[in-house]
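Look at the structure below and keep its chains in view while reading. The paragraphs take one part at a time.

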Amino acid sequence: MAENSDSEAAAISQHALSYRPASINGEFLGKHIISVDQFQRRDLDILFDAAAAIRKRIRTHDRGLTELCAGKVMASLFFEASTRTDMSFQSAMRRLGGDVIAVSNGVRFSSMYKGENLSDTIRATGCYADVIVLRHPEIGSSYEAGYYLDLLNGRIDNPTVAISGGDGIGEHPTQALLDIFTIFDQKKSLDNLAITLVGDLKHGRTVHSLAKLIAYYDASGVRLCMVAPESLAMPADITDLVEAHGIRVTQTEDLRDVIAETDVIYWTRIQEERFADGAEYDGIKDRFIMTPAVMARAKADAILMHPLPRKHEMGTRSDHDILDADPRSIYFEQMENGMFVRMALLVKVLRGVYV
Amino acid sequence: MAENSDSEAAAISQHALSYRPASINGEFLGKHIISVDQFQRRDLDILFDAAAAIRKRIRTHDRGLTELCAGKVMASLFFEASTRTDMSFQSAMRRLGGDVIAVSNGVRFSSMYKGENLSDTIRATGCYADVIVLRHPEIGSSYEAGYYLDLLNGRIDNPTVAISGGDGIGEHPTQALLDIFTIFDQKKSLDNLAITLVGDLKHGRTVHSLAKLIAYYDASGVRLCMVAPESLAMPADITDLVEAHGIRVTQTEDLRDVIAETDVIYWTRIQEERFADGAEYDGIKDRFIMTPAVMARAKADAILMHPLPRKHEMGTRSDHDILDADPRSIYFEQMENGMFVRMALLVKVLRGVYV
Amino acid sequence: MAENSDSEAAAISQHALSYRPASINGEFLGKHIISVDQFQRRDLDILFDAAAAIRKRIRTHDRGLTELCAGKVMASLFFEASTRTDMSFQSAMRRLGGDVIAVSNGVRFSSMYKGENLSDTIRATGCYADVIVLRHPEIGSSYEAGYYLDLLNGRIDNPTVAISGGDGIGEHPTQALLDIFTIFDQKKSLDNLAITLVGDLKHGRTVHSLAKLIAYYDASGVRLCMVAPESLAMPADITDLVEAHGIRVTQTEDLRDVIAETDVIYWTRIQEERFADGAEYDGIKDRFIMTPAVMARAKADAILMHPLPRKHEMGTRSDHDILDADPRSIYFEQMENGMFVRMALLVKVLRGVYV
């Protein structure tokens, strides 16, 4: 019998495919964080309060924060690189007094990377850690983590929680949570906001999850504008879901149609490789590059968000420097918020306490 | 003069080859942990007590544990990936309140990896750390670490202890210690146990070290059964040593001969590459795959151990799922015990205290 | 529009090129540590005092040290491997009670490594960390870090300090600081010392920075002897600067001319690749290998320093063993001092306190 092939090893088990993580329903303790579908408005409000409270305690150098996760261990299990997510979670755990373990040589070079089922890797790590942050290139991997940790938790007297750090082109729930917190935090409410999502809305998991969370929040009077090339439009299941929550959806290929009435601009990148026909890309690309000239058309109190990293979709290096100096550009604040939201999640799943 | 070649750099010094680490003799403080040959029954009993006590304190969320290694720094120096050993040691040190440093980009990419003698690397690390966990592909590397740290400790006023995390196909003492602790913990005694080791017993360092520790423990009435293809049988020096300690040894190629009377089944993998003749492998491979059907022949109170990771030697993915649900399969408990045993070792070599 | 090319991504911005880090002038709090040019004698004396005090507190197991940076987070951002610098900074931060975050898979495999401007990477990391230790292959990268962190610090309510861990063949200020501390610590004063720098003095950033710091210290009666092949001589701008501070400079190709009167021998490697003509290298190489026979000519109270790692420039493995046993060889003490000096820097830039 030969060694398992890579594809076998990587395949997601059938158990995982039918696994559904528990809804939060106001109680985070011991729950895996795998999908935005676990969240409702009440859960988001709890998280927003906690993130804001934590930020305030950090600003005032409140040393009591380091008691919140003292004695807890987080394992950072990144099967693909994602520097910001990785460092953000690490910093979050440390600032709560918890500890972090990671594979010294990187998962890429470990025995885990090839030939072992993720289900074993997850359970092995679950023997050492209280919470596992998993980043994996395969869709559904965090569901598999949840399923097998539940099995392990039935045997080992030390339950371990999984938090998804992104699974392939699937979900990346903590990114969506920090995004919606940033909007709420900047605007103090989602009611009556015009939110515009720009870029490759077909493949972008970030914008899918954010759109769903905005829907689940059930604010009143929200308008969601989707700006994308026709071939990269937001999938219908998501626009349907959003509209079912009473949100008015507009779709266009040209930001200029909507920028003047937009409160929140969420910018993402379009990759040339998505176009079979280079000429099609050439025809639309200029409409999908944010520059100081584009931003000049936006409202005085609009905010410009971006999940980062950014490349050509924000123009040249000097465009960057000008945009960065614009007080409406809040993508670094957004990034910092990622740490506060992850701190809030870690405290709540590990300790259940309010902060 | 050209740069040292890799092989030169990697060569183990003659000093190291003649180095013998100190016997434990009831006192761990300041001693390198390099070989199972340092241990006698008394030392193992001390370690078993400490590991069990630590487990209990973790289960009861005893925060006093984090005082035991507070202010101490462990360096994780892994020249080859070994995710479990690495994370297990890291988690152990963290839960004792100690800190861990590791090479951010992995040793593989560091200046240490090529062209520098291990003896310099070890001493440089010894300048920063109180304990070094070394994993290195070369047999004898942990002996070299011990030798050169002893030299450094004579000069720098901050003695550093080495713990082997495995050296090539040589020794991996902490694996053997966690294995024998798991047997003791599950069975409450080694007396009168029938322990069966299965797989490639010729090359497997895990089973060599475990067999030696079982011998050193000097329990009464122990039977050790070696199940391996004839070409991969346990080396005679180890069976001789074991028998010299009064253990009855059986050797067979077929687990079915002994499974019904076995208390402890220790399963390991056979690699096809070990066979010059593929037909020979095809002829025996089915006898060396653990499946639910095989386990059905085992005693109701037998335990099934495996050092993990596992691949084809435990059958298909659905075989795994069935075996994992069998209460006799204790390989995840075994893995968790690794953390407790390593915590016990760290406390004892760094602080000398009883826990 | 194509992705930014690597060279674009790596290019240092014009802003960075004109950036000058603040002089220390007796106050380290909140200041980036980027260049030895920030230091004057007073600053070095403060640092020497702090490093010596910290060493004493470590030797006496003073647990109060871990209060000094408690709650602070250091990000280890190594774009090229430098194991010693990395581990030294990590150990320094840990021993002060601070926390360390690093990219789990190494920067080399992260999204940061390719296609993103360093300016964004630095600011993203600045959102999570209180201090960033940056090692980057490009000259000027730490200036860029300082410039963009200053921009970020104007927006995010959590200022972040950069410390250079070496930028390419540019500067490596903490190496020079630990070197001059070691000389001061061993000799109790720089006055009237004869210090000899040996090796490739043209390309060696270590010796450039050390020579400058010796000059800035403005001790009296210092002699600096430069021993290098003519084609690898110390650049004139540095010898000019040194002489302008009243230091007598000697240059020679042969250590034997000066070794008998030297108090401090600072040894570095010459790389064969620097010579267009192999015959030229063959003609001089033996004069640039430190061996026990060479050391026999040195004063009884001379000290032999080396920044490590060492390769062929200290001869064979058995030469190493003999040199290492010589009490005048203080390169491991020098390495340990690196941790004390970095602890002193971290405390002072993060807390400003005296220790």
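What follows covers a sheet, a pair of helices and a contact between chains. The model is predicted.

Begin with the sheet in chain A. Five strands form an open sheet in the order S7-S6-S5-S8-S9, and their pairing is parallel. Which strands lie at the edges? They are S7(A), residues 248–252, and S9(A), residues 303–305, and each of them pairs on one side only. From one strand to the next, the twist averages 15°. Next to the edge strand S7(A), strand S6(A), residues 223–227, pairs with S7(A) in the parallel sense over five bridges. Val227(A) stands opposite Thr252(A), a residue of S7(A).

Now turn to two helices of chain B. The axes of H3(B), residues 41–59, and H7(B), residues 173–187, come within 10 Å and cross at roughly 75°. An angle from 65 to 115 degrees counts as roughly perpendicular, so H3(B) is roughly perpendicular to H7(B). On the H3(B) side, the contact is made by Leu44(B), Leu47(B), Phe48(B), Ala51(B) and Ala52(B). H7(B) contributes Leu177(B), Ile180(B), Phe181(B), Phe184(B) and Asp185(B). By class, this contact has nine nonpolar residues, one charged residue and no polar residues.

The last part is where chains A and C meet. Here 34 residues of chain A are in contact with 32 residues of chain C. On the chain A side, the elements giving two or more residues are strand S1 (73–78) and helices H4 (83–95), H12 (317–325) and H13 (331–350). Which element gives the most? H4(A) does, with nine residues. The residues of this side of chain A divide into 14 charged, 11 nonpolar and nine polar.

Terms used: Residues numbered from 1 in each chain as written. Chains lettered and ligands numbered in written order. Predicted model: local features only at pLDDT ≥ 70, side-chain atom pairs only at ≥ 80, totals over all residues. Axes fitted to C-alpha atoms, helices over the stretch in contact; angles between N-to-C directions. Helix = DSSP H or I, 4+ residues; strand = E, 2+ residues; numbered from the N terminus. Parallel < 35°, antiparallel > 145°, perpendicular 65-115°, else oblique. Contact = placed C-beta atoms within 7 Å. Nonpolar A, V, L, I, M, F, W, Y, C, P; charged D, E, K, R; others polar. Pairing = 2+ DSSP bridges.
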